[in-house]
Amino acid sequence: MLFLLFYPARFYDYAPLVAAVIMVVKMFTVQLLANVEANCIVGKPWFYRLLFSYIPILFALSSALILLSYFMLSEMSRKETIHANGTFVQHLIQQIDYSLREIDAMLLEEMETDERIRQFFQPRPVERDGSYYPVYETSKKINQMVSFNPFIDSVYLYRYADHMVMSANTLMPLEQFGDRTFIEEKRPRAGGAAQLYELSDKRHYREFRHQELFPSAVVSIVRQYPMLEGGQGMVVVNISLTAIERMLSELSEGSISFVDVRDRSDNPIIGLRGQGELSGTVLSEYASPYTGWVYKGGVRDVQLFRFASVLSYVWVGGGLLAILAGAIWLTFVTRRNYRPIEALIHRIQAHSQQRPYEPYSPTPVLSPKSQPPKAGTDNKASDSGGLRKIRRAERSDTDEFGFIGQTFDRLLEQSNTYKQMQREDALFRRRHFFAELLEGSKPVDEEEWARELQRFDLPEGFQELGVVIYELDHYNRLAATYSYRDFHLLKFVLSSVIQEVAEGRPVHIWTEWIEQHRLAALVRTTDEEADWEEQAALQAEQVRSWVESNLAFTVTIGIGPAEQRLAGVSGSYAKALEALAYKSGLGLNRVIRYDELASAAPGVSRSDLAFDPFTFIQRLAIAFRTGKPEWRELYERLFDGLAERRWTRDEYEHLLTLLVQHLEREFTLLPSEVAEFWQSQTQPALLEARDTFDLIGDAREAFLGILTTFWERLAELRSDHSHHALIVEVRQYIAEEYANPDMSLNHLCDRFGLNGKYVSRLFKETFGEKLVDYLMRIRIEASQRLLLTTELSIQDIAVSVGYAHDISFIRAFKKLVGTTPGDYRKQHVHIG
């Protein structure tokens, strides 16, 4: 601090430096003038014009800078003094606050753990012998607490139950205690809430009334007992202000500086060396966040410090005037010499405003005559008479600015082309590196990882990393609704939201669009305490919620597992894709974590084992072809069973493909106009619905609408034929009388009066199935129901469905079902 008060005299210490600066300026000026005289014949008009315009400014500003150097050094000293004083005051605050916090922590620990304090506030019945041993132990404990820290003046306990006070020296009633007034102030009022902790302002403490002539100046820490409730008493720790002032005296031995401390009521607590109200210049003022005390630090010699400050302002004023004068002259000269440069800047600005793809044809740089000499020629020969005349002639047509302008035209165009190529290459390289990292097609070591991320201006460190994939829901609908530009704007918004949500979190996120509807995010945690799964799930849920609330679409998010090494990124990416594949069954607009799939998978029940989607598909196709309205019931049961399962989209897509194939195989048996309508309209519509669905429920509705339209068209085609009603009646008769053992083609001919071959051909054309095959299928389906619902023998079931011999029944059953009736009953009864 003494350096501040005497820093004007330190100017002489910098006299050698000032002399050296002046000498350097003079040498530079002399050398500059010598160079001008030696090269005056070169003929550089703009160079010398600028040179001689700025020489006066050089002398003026160099003089001002020499003077200002003194001010700068002085100002630095003054600021360092203020900074040192502030650091000293903050150190005092930390020392005092630390001691008080340490005392309070000790008090809390003793109140919580010490049995003697607990026994004082919760006394047991007094022994008959009148032993005062517990009182002695409590007094001993208080003495230990007083010796814990030199700042502690005294400690006493006050019990509400009998108004007794226990200090280090005695146990007495409250009426005889010297600090009775303070206790009555801090004791909770009737019906009021107790203040569990309080730090008092400065006060005076005496233990015995009318016995102490000089009470101690203290501040008190008051805590109610018990700590969290109060109601039994209080513990008072008195902090000695004399000890604190003694510590301040030891830390600061100077007679110039001072420190003034005041409590929350602006009452002086201590002043350095006890001199009461202190005068001087306050350099720093801080308030303690713990005690609320205000600390002021400064110096006493006001006149000397103010003189130094005023002197510094005089130097500031002189320096500002010199700079202002130099700035005015500099502006005038620069404005006069700036006109050619201004024209050149306008040309550069006009060129930079052109679009990168617009062609630009710059002016030729120089004519062949004005090209510089080739490397290897003799410089002296080049400077000989003829070449010098050529250069002078060229100077008459163009000067340095013309040459610079023509060169800039070509350089700017080349620079634009190079920057464009560099941007495209960097974008391609970044996406390619990201794709290789996700797919694991190329091993990436730590060195390559750091090098590539530095190239892309991305942070490279991480604790854990993994992949999160954002997939746009109903992508085909979005692509058809929005234009190309609007759709890419929405994708840009999604990418930006992901980055903004990550701000303020201990994660780094690198996002790239890997497909038109999928964005992959490489999430890296940077904090050892941060859990990757928790951070990734929270980030994904916030993005999903924001997109749902603010954009015209939703996203489904798949989260892969966390990995410790770069080699595991491809595995996390594969798991995230696998989790996302289940969105068709789980639903859209949600976050799907890979580790939750197994734990959340529903158990397999008996109904699940009994459900065979391939059997339903086969029966549905046959019912649709034969014109049975029950195909709708089979359709609903099929998709109800699928809705209860957790399958991936590929599995659902495979099942829908199988449904289309079975329908196509059945419809090839129908008339040509039905097959043509199927191939031209129905089948393409089904395949499109299969390829574009997001949820299995969407595919269910789409398929049902398409099949219903085809069903209606099929009914129209069938009704157009004159024999349609007759064939339908024949089929209905077979369905009702299939149990008749005499049912045959001849029986039907006799029943309806038609030719057998004609009836068989019409039946095949209408329903795509032979009449004999239809009769066998009806009988076998009935026998299947009897096998599962009754205990009839095989022979009785054969007779009941129209077979006279059980051998014929078994042969037909095995041909159609693939197993014997007995095995069929065993298998399905066991499952049921």
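# Exercises on a predicted model

Asp 179 sits in the loop that runs between strand 3 (171-173) and helix 6 (180-186). The structure is a predicted model.

## Exercise 1

Task: Decide whether Asp 179 is buried or exposed, and find the partner of its side chain.

Solution.
1. The relative accessible area of Asp 179 is 4%. Buried means under 20%, so Asp 179 is buried.
2. The side chain of Asp 179 makes a polar contact with the side chain of Arg 203, at 2.8 Å.
3. Beyond its neighbours within four places in sequence, Asp 179 is in contact with Tyr 156, Arg 203, Tyr 205 and Arg 206. Arg 203 therefore appears both in this list and as the polar partner of step 2, a contact made by an Asp 179 that is buried.

## Exercise 2

Task: Work out which parts of the chain are linked by the salt bridge of Arg 518 and Glu 471, and state whether each residue is buried or exposed.

Solution.
1. The structure holds 28 salt bridges. Side chains of opposite charge can pair when their charged atoms come close.
2. In the pair Arg 518 and Glu 471, the N to O distance is 2.4 Å.
3. Arg 518 belongs to strand 14 (residues 518-525) and Glu 471 to strand 12 (residues 465-472), so the bridge ties together parts 47 residues apart in sequence.
4. Arg 518 is buried, at 19% relative accessible area, and Glu 471 is buried as well, at 6%.
5. Salt bridges with shared partners join Glu 471, Asp 473, Glu 515, Arg 518, Lys 583 and Asp 694 into one network.

For a second case, take Glu 198 and Lys 186, whose closest N and O atoms are 2.5 Å apart in their salt bridge. Glu 198 is in strand 4 (residues 197-199) and Lys 186 in helix 6, twelve residues apart.

## Exercise 3

Task: Place strand 12 in its sheet and name the strands at the edges.

Solution.
1. The sheet is open, has five strands in the order 13-14-12-15-16, and its pairing is mixed. Strand 12 thus stands between strand 14 and strand 15 in that order.
2. Strand 13 (507-515) and strand 16 (591-593) each have a single partner strand, so these two stand at the edges and one side of each is left without a neighbour in the sheet.
3. On average, neighbouring strands are turned by 20 degrees against each other, direction ignored.
4. Strand 12 pairs with strand 15 (residues 555-559) in the antiparallel sense, over five bridges. Tyr 470 stands opposite Ile 557 in strand 15.
5. Helix 15 (residues 484-502) lies across strand 12, strand 13, strand 14 and strand 15, and runs at about 160 degrees to strand 13.

## Exercise 4

Task: Describe the largest nonpolar core and state which helix gives the most to it.

Solution.
1. The core has 40 residues, and Ile 103, Val 237, Ile 239 and Trp 293 have the most contacts inside it. In soluble globular proteins, nonpolar side chains tend to be buried together.
2. Helix 3 (residues 45-113) gives the most, with ten residues.
3. Leaving out residues up to four places away in sequence, Ile 103 touches Phe 148, Asn 149, Phe 151, Ile 152, Ile 221, Val 237 and Ile 239.
4. A second, separate core of 34 residues includes Leu 634, Leu 658, Leu 663 and Leu 714.

Technical notes: Residues numbered from 1 in each chain as written. Predicted model: local features only at pLDDT ≥ 70, side-chain atom pairs only at ≥ 80, totals over all residues. Heavy atoms only, no water. Helix = DSSP H or I, 4+ residues; strand = E, 2+ residues; numbered from the N terminus. Buried < 20%, exposed > 50% of the residue type's maximum accessible area, 1.4 Å probe, protein only. Polar contact = N/O pair within 3.5 Å; in protein donor to acceptor, adjacent residues only side chain to side chain. Contact = heavy atoms within 4.5 Å. Salt bridge = Lys/Arg side-chain N within 4 Å of Asp/Glu carboxyl O. Core = buried A, V, L, I, M, F, W, Y, C linked by side-chain atoms within 4.5 Å. Pairing = 2+ DSSP bridges. Axes fitted to C-alpha atoms, helices over the stretch in contact; angles between N-to-C directions.
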